[in-house]
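Student: Let us go through this model by question and answer. Please show it first, then start with the terms.

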Amino acid sequence: MPLACGAAHVTPEAVAKHEAAHIVVGVRSGLKLKHATINPTGTMLGYAWFHGNPQGIHREALALMYAAGVAWENGRSPGDRALLRGVCSGRLAELAMIRAADCILVVHGALIERVARALLHTGTLTGADISAIARGEHEP
Ligand SMILES: [Zn+2]
């Protein structure tokens with residue numbers, strides 16, 4: 001799944017926060033969320049799946065969304081790093097995306113917490129759910 005990224009964490013809380021980081025950075029970067037889940041699927045414990053063309057107009061926004069997973073895990077998210085590498089022109093571009101994603105994560109810490117709580121409550125969220133959470137609705 002080129003537009004989704006798997007997480008490899010131990011607790012549901014850690015998976016929810018990781019996926020919430022992808023969701024918030026992706027949506028704030030202009031991407032539309034298809035859905036995100038913390039229900040295990042195959043070898044993944046969770047993922048966030050966005051609409052977008054990684055070789056077209058969504059390339060930079062997708063790079064930021066992938067970089068969010070790397071930033072959230074302090075650089076220790078090899079799956080996200082590989083996805084990021086696939087849409088960046090080189091190492092400096094990857095580092096710039098990780099630093100920019102980290103800034104977005106810091107600014108939107110409270111929203112990430114609300115999205116993570118909603119994921120823990122429902123297991124799966126859609127783009128409409130995220131819009132409702134951003135408006136202050138759908139608090140679990
Ligand atoms: Zn990830």
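Tutor: Helices (H or I, at least four residues) and strands (E, at least two) are DSSP runs, numbered from the N terminus. The model is predicted, so local features need pLDDT of at least 70 and side-chain atom pairs count only at pLDDT 80 or more, while totals for chains, interfaces and linings use all residues. Residues are numbered from 1 along each chain as its sequence is written, and side-chain values use heavy atoms, with hydrogens and water left out.

Student: Which residue with a positive phi follows α2?

Tutor: Most residues other than glycine have a negative phi. The residue in question is not a glycine, yet its phi is positive, at about 50 degrees. It sits in the loop between α2 and α3. The residue that follows α2 is N74.

Student: Is N74 buried or exposed?

Tutor: Buried means under 20% relative accessible area, exposed over 50% and partly exposed in between (1.4 Å probe, protein chains only). The relative accessible area of N74 is 60%, so N74 is exposed.

Student: Is S77 buried or exposed?

Tutor: S77 lies in the loop between α2 and α3. Apart from neighbours within four places in sequence, S77 is in contact (heavy atoms within 4.5 Å) with H18, G69 and V70. Its relative accessible area is 8%, so S77 is buried.

Student: How far apart are the end C-alpha atoms of α2?

Tutor: The expected span of a helix is 1.5 Å times one less than its number of residues. For the 14 residues of α2 the expected span is 20 Å, and the distance in the model agrees, because the end C-alpha atoms of α2 are separated by 20 Å.

Student: How many of the 14 residues of α2 are buried?

Tutor: The buried residues include A61, L62, M65, Y66 and G69. Among the elements that cover the buried residues of α2 are α1, β3, α3 and α4. The helix is mostly covered, and its number of buried residues is 11.

Student: At what angle do α2 and α4 pack?

Tutor: Axes are lines fitted to C-alpha atoms, for helices over the stretch in contact, and angles run from 0 to 180 degrees between N-to-C directions. The axes of α2 (residues 59-72) and α4 (residues 91-107) are 7 Å apart, at an angle of about 75 degrees. Angles under 35 degrees count as roughly parallel, over 145 as roughly antiparallel, 65 to 115 as roughly perpendicular and the rest as oblique. The angle therefore makes α2, relative to α4, roughly perpendicular.

Student: How many residues of the contact of α2 with α4 are charged?

Tutor: The α2 side of the contact consists of E60, A63, L64, A67, A68, V70, A71 and W72, and the α4 side of M97, I98, A100, A101, D102, I104 and L105. Ala, Val, Leu, Ile, Met, Phe, Trp, Tyr, Cys and Pro count as nonpolar, Asp, Glu, Lys and Arg as charged, and the others, Gly among them, as polar. By this division 13 residues are nonpolar, none is polar, and the number of charged residues is two.

Student: Which element gives the most to the largest nonpolar core?

Tutor: A nonpolar core is a set of buried Ala, Val, Leu, Ile, Met, Phe, Trp, Tyr and Cys residues joined through side-chain atoms within 4.5 Å. The largest one has 40 residues, and I23, L84 and V115 have the most contacts inside it. Elements that give two or more residues to this core include α1 (12-28), β2 (33-37), α3 (78-87) and α5 (109-122). With 10 residues, the element that gives the most is α2.

Student: Is R81 buried or exposed?

Tutor: R81 is in helix α3. Leaving aside neighbours within four places in sequence, R81 is in contact with V70, G75, R91, E94 and I98. Its relative accessibility is 17%, so R81 counts as buried.

Student: What is the C-alpha to C-alpha distance between A16 and T37?

Tutor: A16 lies in helix α1 and, at 0% relative accessibility, counts as buried. Outside its neighbours within four places in sequence, A16 is in contact with I38, A116, L119 and L120. A16 and T37 are 21 residues apart in sequence, and their C-alpha separation is 8.2 Å.
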